[in-house]
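I opened the notebook with a short list of things to look up. The entries follow in the order I checked them.

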Amino acid sequence: MSVQTAWQDDLYEVLRKSNVKIFSYVPDGGHKTLINRSLADPAVEAITLTTEQEGVALAAGAHLGGVKSVLLMQSSGVGNCMNMLSLISNGQFPFLTIVTMRGEFGEGNAWQVPMGQGAPATLEAMGVKCLRADGPNDVVPCASAALTMAFQSRMAIALLLSQRLLGAKAF
Amino acid sequence: MNKQIKPEAVLDRREAIPHIVGDHKDFLIVCGLAGTAQDIADLTKESANSFIFGGAMGGALMTGFGLALAQPNRQVLVAAGDGDVLMSLGSLATIGAHAPKNLAILCVDNELYGETGNQRTHTGMGVDLRAIAEGSGIKCAMEIRHASQFGEAARALRGVGPVFVLVKVDGGPSRRHPRSWDAVDRKLIFRRALLGDNPPDGK
């Protein structure tokens, strides 16, 4: 039931203008546009993962090789990343993930609540700074800030796309 | 594979790994933690073409894959122990699915968790990592149990990827080298050697 809106294409353009060339992902409806555009773009690698922690380790390898990458996941995937974030923290690798949030505004599936509610605190505990987009006008400025913080200031950044922005799934 | 070789024959890692890897400068190397880290640190003397984990178990395969994507004209070698690979079986599937031509994996399998008191791993209980790699879509997947296979393994690591070479070793010790535990320093050394002073993704 995802409605494609302009901010999703704008987000892809911002990432590409910053020369992000590797998009790794565990799929989520909220990431549909980014995933499809990266798959269709011959200038980038779109890498589907079996679990989100693979994308954390992939990001470190991409940086060793001089290429910018982004990891796309939903909030339930945050929990799968925890110890692998040691690699990012200990090596001070630049790291950018875009997290579509579940378990918050209007969530109707209780299974999504624990990890969705816990995602920001656990990311911060492992040294990943969270930026949050609550409305369509927040997305591009937050993405630009996240890109600068990650790749210029060598920070680990999670851009959280809130459930209020994405719309709660009906159950 | 030579049919006269008894399947139970296993190798001394201190001899097998240098023979199989050969000239390490042929590769960009990502190495997982524990005994394999010691083997590779000794072989390379931690040269600038190597990045060696000291934690984040299960990450070496995907870090090697990320490096292979970023450096398509270089051959990337991932070395990792059986415990490390068992913790990242999904990464074999990811690598098999995307089939990077410039990625080779050397799995040093002693069937033990050597850092924590030599507890038996799944590979000592019937789990076949070579078969899992093959079943994950890594078509070139071989098991090395005898010195007569070293040449075949060395060629495979330099061939078209993805490649998975499992070397069965006994429970004996690794070679030792006083390795660095400073991942920031190692990252900067690696990048500067590979990318120069002005890398495309910033200094």
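I count a polar contact when a pair of N or O atoms lies within 3.5 Å; within protein, one atom must be able to donate a hydrogen and the other to accept it. The model I am reading is predicted.

**Entry: E54(A)**

I began with E54(A). I found E54(A) in helix α3 of chain A, which covers residues 52-64. What does the side chain of E54(A) join through polar contacts? I noted T50(A), with a polar contact of 2.5 Å between the side chains. I also noted T94(B), whose side chain joins that of E54(A) at 2.6 Å.

Then I looked at charge. Is E54(A) buried or exposed? I have E54(A) down as buried, and I found no salt bridge for it. A salt bridge needs a side-chain nitrogen of Lys or Arg within 4 Å of a carboxyl oxygen of Asp or Glu. The nearest side chain of opposite charge belongs to K139(B), and that is 19 Å away.

Next I listed the neighbours, leaving out residues up to four places away in sequence. E54(A) touches L49(A) in its own chain. From chain B, I listed M62(B), G90(B), S91(B) and T94(B) as residues it touches. T94(B) therefore appears in my notes twice, as a touching residue and as a polar partner, given that a polar contact is a pair of N or O atoms within 3.5 Å.

**Entry: chain B overall**

I turned to chain B as a whole. I counted 8 helices and 8 strands. Its radius of gyration is 16 Å, close to the 17 Å that the globule rule gives for 203 residues, so I call chain B as compact as a globular protein of that length. The C-alpha trace spans about 55 × 35 × 30 Å along its principal axes.

How much of chain B is buried? I have 56% of the 203 residues as buried. Chain B exposes about 8,400 Å², and carbon and sulfur atoms supply 52% of that area. I also checked contacts between residues at least 6 apart in sequence: 73% of them join residues at least 24 apart.

**Entry: helix α3 of chain B**

I checked burial along helix α3 of chain B, residues 60-70. I found 11 of the 11 residues buried, so this helix is largely enclosed by the rest of the structure. Among them are M62(B), F65(B) and L69(B). M62(B) was already in my notes as a residue that E54(A) touches.

**Entry: backbone oddities in chain B**

I looked at the backbone next. Which peptide bond is cis, with omega near 0 degrees? I marked the bond from G161(B) to P162(B). P162(B) lies in the loop between α7 (150-157) and β8 (163-168).

I then looked up positive phi values. A34(B) has phi near 70 degrees and is not a glycine. I placed A34(B) in the loop between β1 (28-31) and α2 (35-44). A34(B) is partly exposed, at 27% relative accessibility. E111(B) is also not a glycine, and its phi is about 65 degrees. I placed E111(B) in the loop between β4 (103-109) and β5 (112-113). E111(B) is partly exposed at 26%.

**Entry: L33(B)**

I finished with L33(B), which lies in the loop between β1 and α2 of chain B. L33(B) counts as buried, at 17% relative accessibility. Leaving out residues up to four places away in sequence, I listed what it touches: F53(B), G54(B), G55(B), M57(B) and D84(B). I also checked L33(B) against R145(B): they are 112 residues apart in sequence and 22 Å apart in space, C-alpha to C-alpha.

Notes
Residues numbered from 1 in each chain as written. Chains lettered and ligands numbered in written order. Predicted model: local features only at pLDDT ≥ 70, side-chain atom pairs only at ≥ 80, totals over all residues. Heavy atoms only, no water. Helix = DSSP H or I, 4+ residues; strand = E, 2+ residues; numbered from the N terminus. Buried < 20%, exposed > 50% of the residue type's maximum accessible area, 1.4 Å probe, protein only. Lys, Arg positive; Asp, Glu negative; His and termini not counted. Contact = heavy atoms within 4.5 Å. Rg over C-alpha atoms; globule rule 2.2 N^0.38 Å. Areas by Shrake-Rupley, 256 points an atom, 1.4 Å probe, with all protein chains shown as cover.
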